[in-house]
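I opened this notebook to keep a record of what I looked up, one topic at a time. The entries below follow the order in which I went through the structure.

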Amino acid sequence: MHETIQLRNADEERALLGRQDRTLRLLRESLGLRIVARRGLVTLEGEGPAVREGVRVVGELLRSVREQGDLTDEQVEGLLFAVRAGRGGAPGDRDGTDRRGARGAGGGDGPKDRVTKTLDDHAVEPRTPGQKKYVDLVLQHDVVFAIGPAGTGKTYLAVALAVRMLRAGRFRRLVLARPAVEAGEKLGFLPGDLQAKVSPYLRPLYDAIGDFIDFGDVRRYMERDVIEVAPLAYMRGRTLDNAFIILDEGQNTTRPQMQMFLTRMGRNSKIVVTGDVTQIDLPRGVQSGLVDAEHRLRGIDGIGFCRLGRADIVRHPLVQEIVDAYGETPDRAQKGAAAEPDEEAEPAEGRP
């Protein structure tokens, strides 16, 4: 099957194809089509479904060219990311995210509070006032801390927002980190290489991503560094530009680890830290970096804190009862934090 798209002029063709035909090569590679641009015509050849998908993608890119006069790499990659994840949408700000990276939440072309959709076409949206506040904070701030018990959607909503912004071209990468609290001798008893040893700690993040992006596409994006899932220790010494960065289980970081992580933030990046201060697994007397950060950073412009509670639990109804039965009091690690002398703050590493 083949389809042909007519372009208006040579300038439009140059803008659509990209510098040194970069966009054309990306389209061929991502869509698996033979694409030829000649004398104002773009011809797509291949299997029927792939050609139809290609026509839609080229149409979206062409619409952006005609509106803006140019295309950024972020817009092209964002749209291709959306297509490969099984979603449509323009590479701009249809979902309410500003194309230029400005702060703020918008409406979009769907329900006002919708974040995105899962692969099985279920809408993801805040279901409680606390979750609504959380989503708004992420859209409006560069750094957000979400603190609350299990089942409140802390990690899930963060991943959903990250995928939404990747599709919109707002960021070029999604980086998810998690502390491997038992990264000492216990990991030594697990089979395999280092990646195999830390994989169990990162599984919840893979599970969340899997609701929005097909597994095969996740692997492909990881190979291209569009998506990175890694232990917190892998963040040391790095600067993360143009990235949506999520730290899960933040209550299990130490104060120096939290400082190290937060200072990885580069240009045009956003950080979300999630955690439950009632489930701190650090050794007795070691201060939680999340507890310390809430005290130390609250009130700084550009940093938002959201406290989620029992009313925000949207998992199985029994989870609310379980949280009540165990109580929402901090565990021994949090209780002991104030009595312990502060650890020496670790100097920030990497570029300023």
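**Entry 1: salt bridges**

I searched the whole structure, which is a predicted model, and the search returned 16 salt bridges. I then went through some of them one by one.

I looked first at Arg66 and Glu12, whose side chains meet in a salt bridge at 2.9 Å, N to O. Arg66 sits in helix α3 (residues 48-68) and Glu12 in helix α1 (residues 10-17), so this pair links distant parts of the chain, 54 residues apart. I also checked how covered each partner is: Arg66 is partly exposed, with 37% relative accessibility, whereas Glu12 has a relative accessible area of 6% and is buried, because buried means under 20%.

Next I turned to Glu228 and Arg173, which form a salt bridge at 2.7 Å, N to O. Since Glu228 belongs to strand β8 (residues 227-231) and Arg173 to strand β7 (residues 173-178), the bridge ties together parts that lie 55 residues apart in sequence. I noted that Glu228 and Arg173 are both buried, and that Arg173, Glu228 and Arg238 are linked in a network of salt bridges.

The third pair I wrote down was Arg178 with Asp248, again a salt bridge, with 2.9 Å from N to O. Arg178 is in strand β7, while Asp248 is in the loop between β9 (243-247) and α9 (255-262), so parts 70 residues apart in sequence are tied together here. Arg178 is buried at a relative accessible area of 12%, and Asp248 counts as buried at 4% relative accessibility.

**Entry 2: strand β9 and its neighbours**

How many of the five residues of β9 are buried? I found that five of the five are, so the strand is largely enclosed by the rest of the structure. I reminded myself that side chains in a regular strand alternate between the two faces of the sheet. In β9 both faces are covered, with Ala243, Ile245 and Leu247 buried on one side and Phe244 and Ile246 buried on the other.

I then asked which strands pair with β9. β7 runs parallel to β9 and is joined to it by five bridges, and within this pairing Ala177 stands opposite Leu247. β9 also pairs in the parallel sense with strand β10 (residues 270-275), over four bridges, and here Phe244 has Lys270 of β10 as its bridge partner. Finally, I recorded that β9, α9 and β10 together make a right-handed β-α-β unit.

**Entry 3: the nonpolar core**

I looked up the largest nonpolar core, which has 38 residues, and noted that Tyr134, Leu176, Ile227 and Phe244 have the most contacts inside it. Among the elements that give two or more residues to this core are α5 (129-140), α6 (154-167), β7, β8 and β9. Which element gives the largest share of this core? It is α6, from which nine residues come.

**Entry 4: a nonpolar patch on the surface**

My last search was for nonpolar side chains on the surface, where Leu318, Ile322 and Tyr326 form a patch with about 390 Å² of accessible area together. I placed Leu318 in helix α11 (residues 317-326). Leu318 counts as exposed, since its relative accessible area is 51% and the cut-off for exposed is over 50%.

Notes. Residues numbered from 1 in each chain as written. Predicted model: local features only at pLDDT ≥ 70, side-chain atom pairs only at ≥ 80, totals over all residues. Heavy atoms only, no water. Salt bridge = Lys/Arg side-chain N within 4 Å of Asp/Glu carboxyl O. Buried < 20%, exposed > 50% of the residue type's maximum accessible area, 1.4 Å probe, protein only. Pairing = 2+ DSSP bridges. Right-handed = clockwise from strand over helix to strand, strands pointing away. Patch = residues over 30% accessible without salt bridge, like charges linked within 9 Å, V, L, I, M, F, W, Y side chains within 5 Å. Areas by Shrake-Rupley, 256 points an atom, 1.4 Å probe, with all protein chains shown as cover. Core = buried A, V, L, I, M, F, W, Y, C linked by side-chain atoms within 4.5 Å.
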